[in-house]
Amino acid sequence: MKQYIIGENEAGQRFDKYLSKLLKEAPKSFFYKMMRKKNITLNGKKATGNEKLVPGDEVKLFLSDETFEKFAGHQEVSRALCRLDVIYEDKDTLLINKPAGMLSQPSDSPEPSLVEYLIGYLLDKGEITDESLKTFKPAVCNRLDRNTSGIVAAGKSLAGLQALSALFHDRTIHKDYLCLAEGVIKTEEYIKGYLHKDEKCNKVIVYDSSRKEPIPEDALPIETRYIPWADNGEMTLLSVRLITGRTHQIRAHLASTGHPVAGDPKYGRAAFNRVLREKYSLKHQLLHAYRLEFPDVKGALEELSGQVFTAPVPENFFYMIQKEHLEESYYENLERAVGICKNDYHSGNRGDACE
């Protein structure tokens, strides 16, 4: 017999959904048969599977070890260790300054993603266990391109994950980015268009809705706002706000206006990128999610209600800002945008490199 006590991360879901995570190889018909025979009970009573679990509920499985192991399968969750650059943390949420070069979520690549590092971090702190990972896995709620750095929000608990995911889905949380864009931009713009993704080459095409050009039926509407902070006659330091959040939106949308992100190998201009590579050894786009603004919220995110969080730009980004004579305007705009003065804001990643 195996016994489980429902915790906060399992509560709120149907009993049969919980069982499908615990015994992931078993067909649903097995759960219902075992519940009918009272081989699986909830609080010592016969269950139907549609009960909503609450903290403290007691689950008992009167199954042989062989049967349990057969249906539980191999459930070890991937994890990795590195010192994360943590901006904020409470019992439900975590804000991390992701470095460029790190995947946000697992992919076909053998390299660990931020999700594996998150799980390793929480296991190392003792906040989760291998047993608890069978029924709940912490996860990130927003995705940044591999070579885009900046703030990523993660849910440590089910309540935190659900609440954060709802904010990103409803677009009530504001995400601001900093980038260096090719060319001179003098005025604030709010641009709209349509984005179509080519799955074969993992690249998107932006269509301008103001032009009379055919737009693919599966193209998605996009909206982007940007504010120029400074320029040096060759490139502009931009603050960009995502109104919609589509694949490669900032990179492709700016490129469609003739101002691609500096260093962008996919949407940038090869000649301009070649100069930056020779001058600064720049091999990827200079795009950084530097600011996250929360709306007024209650519940699991109440401690985050109305707060604004910022993440320092990476060292190579800040070095270019200095060398391209944009540093003074960078600090002036930071102070105006988020109330941070020069002496209080330090560039560069605080975390060590991941191995």
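Helices and strands here are DSSP runs, numbered from the N terminus, with at least four residues for a helix and at least two for a strand. The model is predicted. With those runs in hand, His248 can be placed in the loop between strand S13 (235-242) and helix H6 (249-256).

His248 has a backbone feature to check. Its phi is positive, about 55°, although the residue is not a glycine. Is His248 buried or exposed? His248 has a relative accessible area of 9%. The cut-off for buried is under 20%, so His248 counts as buried.

Arg171 offers a second case. Its phi is near 60°, again a positive value in a residue other than glycine. Arg171 sits in the loop between helix H5 (158-170) and S9. Its relative accessible area is 45%. Partly exposed covers the range between 20% and 50%, so Arg171 is partly exposed.

A third positive phi belongs to a hairpin. S10 and S11 form that hairpin, with 4 residues between them. Asn202 lies in the turn and has a positive phi of about 50°.

Now follow the strands themselves. Strands of a sheet pair through backbone hydrogen bonds, either parallel or antiparallel. S10 and strand S11 (residues 203-207) pair in the antiparallel sense, over 5 bridges. Leu195 has Val206 as its bridge partner in S11. Strand S10 (residues 189-198) also pairs with strand S12 (residues 220-231). Here 7 bridges join the two, and the strands run antiparallel. Within this pairing, Lys192 is matched with Glu223 in S12.

Another sheet can be traced from its strand order. It is an open sheet of 4 strands, ordered S1-S4-S2-S3, with antiparallel pairing. Which strands form its edges? They are strand S1 (2-5) and strand S3 (45-46), each of which pairs on one side only. Inside that order, strand S2 (residues 40-42) and strand S4 (residues 58-61) run antiparallel and are joined by 3 bridges. The bridge partner of Leu42 in S4 is Val59.

Next, look for enclosed space. Rolling a probe the size of a water molecule over the atoms shows where empty space is left. How many cavities of 30 Å³ or more are there? The count comes to 1. The largest cavity holds about 30 Å³ of space. Its lining is made of Asn142, Leu144, Ile151, Lys175, Tyr177, Ala289, Arg291 and Leu292. Strand S9 (174-182) and strand S14 (287-293) are the elements that give two or more residues to this lining. S14 gives the most, with 3 residues. By type, the lining divides into 5 nonpolar, 1 polar and 2 charged residues.

Three buried residues complete the tour. Start with Asn97, in strand S6 (residues 93-98). Its relative accessible area is 2%, so Asn97 is buried. Where does its side chain reach? The side chain of Asn97 meets the backbone oxygen of Pro312 at 3.5 Å.

Glu324 comes next. It lies in the loop between helix H8 (315-323) and helix H9 (327-338). Its relative accessible area is 5%, so this charged residue is buried. The side chains of Glu324 and Tyr280 are joined by a polar contact of 2.5 Å. Leaving aside residues up to four places away in sequence, Glu324 touches Asn232, Met235, Lys279 and Tyr280.

Pro138 is the last stop. This residue is found in the loop between helix H4 (114-125) and strand S7 (139-140). At 1% relative accessibility, Pro138 counts as buried. What surrounds Pro138? Not counting residues up to four places away in sequence, Pro138 touches Val115, Leu118, Ile119, Leu122, Ile128, Leu133, Gly155 and Lys156. Among them, Val115, Leu118, Ile119 and Leu122 carry numbers that fall within helix H4 (114-125). Phe68 serves as a distance marker: Pro138 and Phe68 are 70 residues apart in sequence and 24 Å apart in space, C-alpha to C-alpha.

How values were computed
Residues numbered from 1 in each chain as written. Predicted model: local features only at pLDDT ≥ 70, side-chain atom pairs only at ≥ 80, totals over all residues. Heavy atoms only, no water. Buried < 20%, exposed > 50% of the residue type's maximum accessible area, 1.4 Å probe, protein only. Polar contact = N/O pair within 3.5 Å; in protein donor to acceptor, adjacent residues only side chain to side chain. 1 Å grid on protein atoms, 1.4 Å probe; cavity = no way out; pocket = protein on both sides within 12 Å on 5 of 7 lines; lining within 4 Å. Points joined across faces, edges and corners; volume = space filled by probe spheres on them. Contact = heavy atoms within 4.5 Å. Pairing = 2+ DSSP bridges.
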